[in-house]
Amino acid sequence: MDQQKVIDFLGRFTADLAATGSAGAVVVGHRLGLYRALAQGPATPRDLAERTGLHERYLTEWLRGQAASGYVAYDPSSTAFHLTPEQAYCLADPAGPDLPAASVAVLGYLRAEPRLTEAFRTGAGIGWHEHDEDVHVGTDAFYCAGYAAELVPSWIPALDGVAERLTAGARVADVGCGLGSSTVLLAQAFPASTFVGSDYHAASVDRARKRAADAGVADRVGFEVAAAQTFDGGPFDLVAMFDCLHDMGDPVGAARRVREQLAPDGTWLVVEPAAPERVEDTFTTVGRLFYAGSTFLCVPNALSQDGGHALGAQAGEDAVRGVATEAGFTRVRVAARTAFHAVYEIRP
């Protein structure tokens, strides 16, 4: 046994344990508004206590831990902590990537560990609706930031003729819409079009309806409780699925339903986690993130449904093509890519 390799492994594992605990501290800071308070300017623990009305001793430990993680900066000469512009953008800016929301989702799905451990023994599934509410809210907030940055500016223009159609006025279905972030973003960008979001999770649909009302688009956006294999209201010019196809127990059945509900010249937009085709190429930091979420959320949800599929969050392009082809679609192309997503344009 190579002792240096043992030391290196212990170092990596210690870093992972520290990161796991730090995720909890991030959620504490997120819920208490500490990042936004610190974004107002440098602060010692006492300053931050005065700024927030919170307990100085707790804030001392939290700030030091955040600095040890590299999430906040520290000035030894003034003993004050602060956020760099980059840290503030990622942790405190409403227009940023909302990284704390991802920590909310992770802590939420970790609460299912006892049930997941038992599911490994039995093969039983765990439905999305069975998870802690933090999973739904945190996942939505995290993905919403990415959708806001990419969906309208990049992904829609990458689809052949779709932006023009939406601008002129189209009928759109957002299947597996969750809390409705993607639906509302599209409705705000294309006021001549009408939208129907659907999701099997009734509590998410209720939240989506409220979001549309708050955004002032409820007159053009409706939401319904329906599975991907049973949604209706077509023919639609565009059917969209954002980060949900791989979660389904019957993705082929969902694809067939899309084909039935799609106009003859319509487009099926599928956004899925980016994944290389070779398994060994997924062994990256991004791959670790997706595999963790897939183990706790995606595969258990698929196994909780009829259909016999469990693609997982790193299924890749071949799997998406296979689902579309089996359902009768003839044209599949990757229209855009990001570090986290692959965007597919699929047509009959």
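A residue is called exposed when its relative accessible area is over 50%, buried when that value is under 20%, and partly exposed in between. With these cut-offs in hand, we can walk through the structure above, which is a predicted model.

We begin with Phe9, which has its place in helix H1, the helix made of residues 3-32. Phe9 has a relative accessible area of 54%, and because exposed means over 50%, Phe9 counts as exposed. Phe9 also belongs to a nonpolar patch on the surface, which it forms with Phe13 and Leu17, and these residues together have about 340 Å² of accessible area.

From this patch we turn to a pocket, to which H1 also contributes. The second largest pocket holds about 420 Å³ of space. It is lined by 24 residues, of which His30, Arg36, Asp98, Ala101 and Ala141 are the closest to its centre. Which parts of the chain each supply at least two residues of this lining? They are H1, helix H2 (34-38), helix H6 (99-110) and helix H8 (133-155), and the largest share, 7 residues, comes from H8. When the lining of the second largest pocket is sorted by class, 14 of its residues are nonpolar, 5 are polar and 5 are charged.

The remaining stops concern the backbone, and here a general expectation is a useful guide: most residues other than glycine have a negative phi, and most peptide bonds are trans. Thr79, found in the loop between strand E1 (73-75) and strand E2 (80-82), is not a glycine, and yet it has a positive phi of about 55°. The relative accessible area of Thr79 is 40%, a value that lies between the cut-offs of 20% and 50%, and therefore Thr79 is described as partly exposed.

Asp243 likewise has a positive phi of about 55° although it is not a glycine, and its place is in the loop between strand E6 (236-242) and helix H12 (251-261). Is Asp243 buried or exposed? Its relative accessible area is 9%, and because buried means under 20%, Asp243 is buried.

The last stop is a peptide bond, the one that runs from Gly234 to Pro235, which is cis, with omega near 10°. Pro235 itself is found in the loop between strand E5 (221-225) and strand E6 (236-242), so that a reader who follows the chain through E6 arrives at the loop that holds Asp243.

How values were computed: Residues are numbered from 1 along each chain as its sequence is written. This is a predicted model: local features need pLDDT of at least 70, side-chain atom pairs count only at pLDDT 80 or more; totals for chains, interfaces and linings use all residues. Side-chain values use heavy atoms; hydrogens and water are left out. Patches are made of residues with over 30% relative accessible area and no salt bridge: like charges are joined within 9 Å, nonpolar side chains (Val, Leu, Ile, Met, Phe, Trp, Tyr) within 5 Å. Accessible areas come from the Shrake-Rupley method with a 1.4 Å probe; for residues, only the protein chains shown count as cover. A salt bridge is a side-chain nitrogen of Lys or Arg within 4 Å of a carboxyl oxygen of Asp or Glu. Helices (H or I, at least four residues) and strands (E, at least two) are DSSP runs, numbered from the N terminus. Buried means under 20% relative accessible area, exposed over 50%, partly exposed in between (1.4 Å probe, protein chains only). On a 1 Å grid over the protein atoms alone, a cavity is a set of points where a 1.4 Å probe fits but cannot get out, and a pocket is an open set with protein on both sides within 12 Å along at least five of seven lines; lining residues have an atom within 4 Å of a point. Grid points are joined across faces, edges and corners, and a volume is the space filled by probe spheres set on the points. Ala, Val, Leu, Ile, Met, Phe, Trp, Tyr, Cys and Pro count as nonpolar, Asp, Glu, Lys and Arg as charged, and the others, Gly among them, as polar.
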